[in-house]
Amino acid sequence: MSQWLLNVRLEIGEDLHVDGSIRTKTNLFHIEIDDKGLIVQIKENAASFQPENAQDMQSQLALPAFKEMHNHLDKTYLSLPWKACRTVSGLEERLHLESLELSALAENCEQRASAMIEKILGFGSNHIRTHVNIDPYIGLKNLEGVLKALDNYKDYVTADVIAFPQHGLLRDDVPNLLREALRNGATMLGGLDPGGIDRNIEKSLQTTMEIAQEFNVDVDFHLHDNGHLGYYTIDKWLDMVEENDFKGKTDFSHSFSLGDVTVPEQIAMAQRLKRHNVAIMSTVPFNLGRNIPPIDLLTAHGVNVHFGCDGFYDSWSPYGSGDILQKACTFADVTRKITERELRQSLAYITNGITPLDNEGKMQWPQVGDEASFVFVASSCSAEVVARPPAKRLLMNKGVFFKQ
């Protein structure tokens, strides 16, 4: 049986005002959703229309459901007593401290991951890309916990589950542990700093490629290595992508090195990333001591860029809320996106590129046949949502409301 959402506010275009400013136009619609969770009809608002099985959305704005594209469901301390972090001298010491608590935390992984999933759903995301530690300390225990937690919320969220060698690929029996993870529910393969952690870029990349091809899975690299070390790593991997016909199956997370090199080098790499359909997953960690990838430059050259919250409240940081919309707001604020169009288009970084209006202000979403996955907010337009994220949001995933 189908259901109706009544009085849904949708963006339909834009007006150019006499002062030169652009304003988003909206109107109210009724949306019919079938039992498969797809939109089958979009009707202009009519007060006399009173179908059965209907819910009045009371003029709330509908936006595409958000996507959390870089997360660590297994790392959070959520649901546990308060615990701050210890200072470290660098990445390797942080990894060592993390390793000391892995066995104890693995026992309540499902509980902690569930607490994080609840947060993420409440903020409006219906997809999570999560990296899960696969290492000599705990084997597949975190994977088991994360998969159980995700299964409990399968009506509301889909996931990419990445077998992630957080403590290094080229050690102990980690390559075979990753293979075992891919046989037991992981859907993607991860990598971590082939230079800075594995200390052998070529061997690390080659081992990653061999496992990825063996299981026919995509790869998402965590790349913290700065400057030309990180730049060379990306360049070398793209050589291997060409040699192994691996186009369209790689993403790079963080990729701080792209912010450390010259603009001509950034452009050259952006063109190469675009050519091989490689996306960048950024956690937009704005701080005084860290360059981030040139997101605007990458976007201008056609590279897909997606945002994620990374881990939050864990051994790495006591901060973070799991609100991916706040990431878009922070990015827009720091890069001075202040016009209606600039703010509106910034939403694309958290919706897998979907925005209600295109770059010229023409309506492009939603359409009949689209998945009925929305975030409903009491805001006037998506530009306002990005600039001033509303606290109250309601997620619908494939026709099903998430209610905390």
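Helices and strands here are DSSP runs, numbered from the N terminus. With that in hand, let's take a walk through this predicted model.

**Stop 1: two residues with an unusual backbone**

Select Q58, which sits in the loop between β4 (54–56) and β5 (61–64). Its phi is positive, about 55°, although Q58 is not a glycine. Why point that out? Most residues other than glycine have a negative phi. Is Q58 buried or exposed? Exposed residues have over 50% relative accessible area, so Q58, at 64% relative accessibility, counts as exposed.

Now jump to H254 in strand β11 (residues 250–254). H254 is another residue other than glycine with a positive phi, this time near 70°. Its surroundings tell another story: the cut-off for buried is under 20%, and with a relative accessible area of 3%, H254 is buried.

**Stop 2: a cis peptide bond**

Next, pick W365 and P366 and look at the bond that joins them. The peptide bond from W365 to P366 is cis, with omega near -5°. For comparison, most peptide bonds are trans. You'll find P366 in the loop between α10 and β14 (374–377).

**Stop 3: helix α3**

Select residues 141–152, which make up helix α3. How far apart are its end C-alpha atoms? At 1.5 Å a residue, the 12 residues should span 16 Å, and the ends are 17 Å apart, which agrees.

Now colour N142, L143, G145, V146, A149 and L150, the buried residues of α3. Turn the view until you look down the axis of α3: these buried residues fall within an arc of 165°, so they line one face of the helix. What do they pack against? Show α1, α2 (109–122), β7 (125–133), β8 (158–164) and α4 (174–183), and you have the partners of those buried residues.

**Stop 4: the closed space**

Rolling a probe the size of a water molecule over the atoms shows where empty space is left. How many cavities of 30 Å³ or more does a search of the whole structure find? Just 1, with a volume of about 70 Å³.

To frame this cavity, select D74, K75, E98, E101, L102, L105, A106, R112, N142 and S315, which line it. N142 may ring a bell: it is one of the buried residues of α3. Helix α1 (residues 91–106) gives the most to this lining, with 5 residues. By class, the lining has 3 nonpolar, 2 polar and 5 charged residues.

**Stop 5: the largest pocket**

Select T283, P285, D310, W316 and S317. They lie nearest the centre of the largest pocket, which is lined by 35 residues. The elements that give two or more residues to this lining are α1 and α9 (324–334), and α9 gives the most, with 3 residues. About 1000 Å³ of space lies in this pocket. Its lining has 10 nonpolar, 16 polar and 9 charged residues.

**Stop 6: the second largest pocket**

For the last stop, select T299, Q345, A348, Y349 and N359. Of the 21 residues that line the second largest pocket, these lie nearest its centre. The volume of this pocket is about 450 Å³. Add α8 (295–300), β13 (305–307) and α10 (340–346) to your view, since each supplies at least two residues of the lining. Which of them gives the most? That is α10, with 4 residues. By class, the lining of this pocket has 5 nonpolar, 11 polar and 5 charged residues.

Note on methods. Residues are numbered from 1 along each chain as its sequence is written. This is a predicted model: local features need pLDDT of at least 70, side-chain atom pairs count only at pLDDT 80 or more; totals for chains, interfaces and linings use all residues. Side-chain values use heavy atoms; hydrogens and water are left out. On a 1 Å grid over the protein atoms alone, a cavity is a set of points where a 1.4 Å probe fits but cannot get out, and a pocket is an open set with protein on both sides within 12 Å along at least five of seven lines; lining residues have an atom within 4 Å of a point. Grid points are joined across faces, edges and corners, and a volume is the space filled by probe spheres set on the points. Ala, Val, Leu, Ile, Met, Phe, Trp, Tyr, Cys and Pro count as nonpolar, Asp, Glu, Lys and Arg as charged, and the others, Gly among them, as polar. The expected span of a helix is 1.5 Å times one less than its number of residues. Buried means under 20% relative accessible area, exposed over 50%, partly exposed in between (1.4 Å probe, protein chains only). The arc is that of the directions from the helix axis to the C-beta atoms. Contact means heavy atoms within 4.5 Å.
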